[in-house]
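Q: Please take a close look at one sheet of this model and the helices beside it. I should also like to know how that part sits within the rest of the chain.

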Amino acid sequence: MRHLLQSSVFQLCFCLLSMLTVSPSAFSYQMRYLQSGDHALGLLRKHGFTNSDREKASSLPDFKTLASLTLNLENPYLLEKTKTKVEIIFFDATRERAVQVIKSRGQIQVKSLSNPYRKQKVTLKGSFRGPIANQIFRQTRSRWLSTRLHDIYFTEDLSDLSSGQYQLEVEKLLYSGKVIRFGEILKAEIKAKGRRYVREFHPLKTGGVAVNPKDPGLERDFFAPVTYLRIASPFSPRRLHPVTGRRLPHMGVDFDIPVGTAVYAPKRGVVSRVGYQKGAGHYLMIRHASGWESMYFHLSRAPRLRQGQKIEAGEIIALSGNSGYSTSPHLHFGLRRKGRFVDPLDYMKEYPKIAEMKILRSIAQR
Ligand SMILES: [Zn+2]
């Protein structure tokens, strides 16, 4: 993986590379990659943390963050080993956070780093034949980027585009002079079928949203319920279980977001149900006009709303979580019209209500 990553790096255009300055300590970290089956505690053992070191580490408050990091084979960790010290920095594969673990003269420290990166903008250009995501992956070896492209273009069916050109402005995330991974796609333009498909990323306090500046999709019925749209699992009513082959339909869309993220009402409505169920965990349902009903599963705790309560679009209705049958923190968002489930992405605007004013204002200023 490492070789692939390095070779593909040469195909990128490093517009701002010349402006990069590196601190003298930058080269003391070694970049390492996880092997399949590796996890944080195993890596600590591998790099000289004894059982009692690891016990100490896991009793520290920031260990919780370490345990919740998404680690994958695509992203490196950093290692620094001297006679008196071992330091390892683990980076989350999907969020901008990291955890530093240090063993120095018998002392163990675990520290979560919430804004660990220095950012650098790079431009990726190319043409594609066949699925564009495959081409982005070939060029960058980044699964994150190729799936992120689908996230930001969820109102278009990119798989309908069989050939064309693209130009992406992308963040590169650096720690201590080392490129750890790609960050956000800040601007995207795809030329295909005689059209230009443009997206611009608007950062928000709790994430950020990608918008088509020419057509922000105002006519769509629902606002997004969260301010960062990362699709962990799409709507698939005919999904088969990969192992058993049994039907395991997914009647909503899952957004990958940290526990405790605000969930906003996507449209005016009335609370129809609040409760707890084994699979859905803490859940909430809202009834809207014209036979619509929206639902929110795996919330972090019971929403403080009662049945029959009126809700305005953009109101905070719940906090996302990981309750019920859920393997990682996410919001399950379902939409039903006259009793029939539909794909929420077909009815959702590209941005949440809470971002609307800010985005429209910034578009109007140009
Ligand atoms: Zn789901």
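A: The account below begins with the chain as a whole, then examines one sheet closely, and ends with other parts for context.

The model is predicted, and the mean pLDDT of the chain is 87, with 89% of its residues at 70 or more. At the low end, residues 1-26 have a pLDDT below 50, and in the model this stretch makes 29 contacts beyond near neighbours in sequence. Among the elements of the chain, helix α1 (residues 2-9) has the lowest mean pLDDT, 34, whereas β17 has the highest, 98. The chain contains seven helices and 22 strands. Of its 366 residues, 32% count as buried. Among contacts with a separation of 6 or more, 62% join residues that are 24 or more positions apart.

The part chosen for the close look is an open sheet of five antiparallel strands, in the order β6-β7-β8-β9-β10. Its edges are β6 (118-129) and β10 (207-211); each of these has a single partner strand, so one side of each lacks a neighbour in the sheet. From one strand to its neighbour, the turn averages 25 degrees, with direction ignored. Within the sheet, strand β7 (residues 163-175) runs antiparallel to strand β8 (residues 178-192), and ten bridges join the two. One position in this pairing is Leu 168, which stands opposite Ala 188 in β8.

Two helices accompany the sheet. Helix α5 (residues 132-140) packs on it and touches β6, β7 and β8, with a direction at about 125 degrees to that of β6. Helix α6 (residues 143-152) lies across β7, β8, β9 (195-204) and β10, and runs at about 40 degrees to β8.

The two helices can also be related residue by residue. Asn 134 belongs to helix α5. With 12 other C-beta atoms within 10 Å, Asn 134 is exposed, because a residue counts as exposed at 12 or fewer. The C-alpha atoms of Asn 134 and Ser 146 are 7.1 Å apart, and the two residues are separated by twelve places in sequence.

Leu 149 offers a contrasting view of the same region. Beyond its neighbours within four places in sequence, Leu 149 is in contact with Ile 132, Ala 133, Ile 136, Ile 185 and Ala 188. Ala 188 has already appeared, as the residue opposite Leu 168. Leu 149 also belongs to the largest nonpolar core, which has 76 residues; Leu 149 is among those that touch the most other members, together with Ile 89, Phe 90, Val 226, Tyr 283, Leu 284 and Tyr 296. As a general tendency, nonpolar side chains in soluble globular proteins are buried together.

The loop between β8 and β9 contains Lys 193. Phi of Lys 193 is near 50 degrees, a positive value in a residue that is not glycine. Most residues other than glycine have a negative phi. Lys 193 is exposed, with 11 other C-beta atoms within 10 Å.

A comparable backbone feature is found elsewhere in the chain. Ser 290 lies in the loop between β16 and β17, and its phi is positive, about 60 degrees. Ser 290 is exposed, with 7 other C-beta atoms within 10 Å. The two strands beside this loop form a hairpin with four residues between them. Strand β16 (residues 281-287) pairs with β17 in the antiparallel sense over five bridges, and Arg 287 has Glu 293 of β17 as its bridge partner. β17 also pairs with strand β20 (residues 330-337), again in the antiparallel sense, over six bridges. In that pairing, Ser 294 stands opposite Leu 335 of β20. Strand β17 (residues 292-299) is largely enclosed by the rest of the structure, because six of its eight residues are buried.

A further open sheet completes the context. Its five strands follow the order β1-β2-β3-β4-β5 with antiparallel pairing. β1 (30-33) and β5 (107-113) are the edge strands, and each pairs on one side only. The twist from one strand to the next averages 20 degrees. Strand β4 (residues 98-104) and β5 run antiparallel and are joined by seven bridges, in which Ser 104 has Gln 107 of β5 as its partner. Helix α3 (residues 51-59) lies across β4 and β5, at about 40 degrees to β5.

How values were computed. Residues numbered from 1 in each chain as written. Predicted model: local features only at pLDDT ≥ 70, side-chain atom pairs only at ≥ 80, totals over all residues. Buried ≥ 20, exposed ≤ 12 C-beta atoms within 10 Å, placed from the backbone. Pairing = 2+ DSSP bridges. Axes fitted to C-alpha atoms, helices over the stretch in contact; angles between N-to-C directions. Contact = placed C-beta atoms within 7 Å. pLDDT = per-residue confidence, 0-100. Core = buried A, V, L, I, M, F, W, Y, C linked by C-beta atoms within 7 Å.
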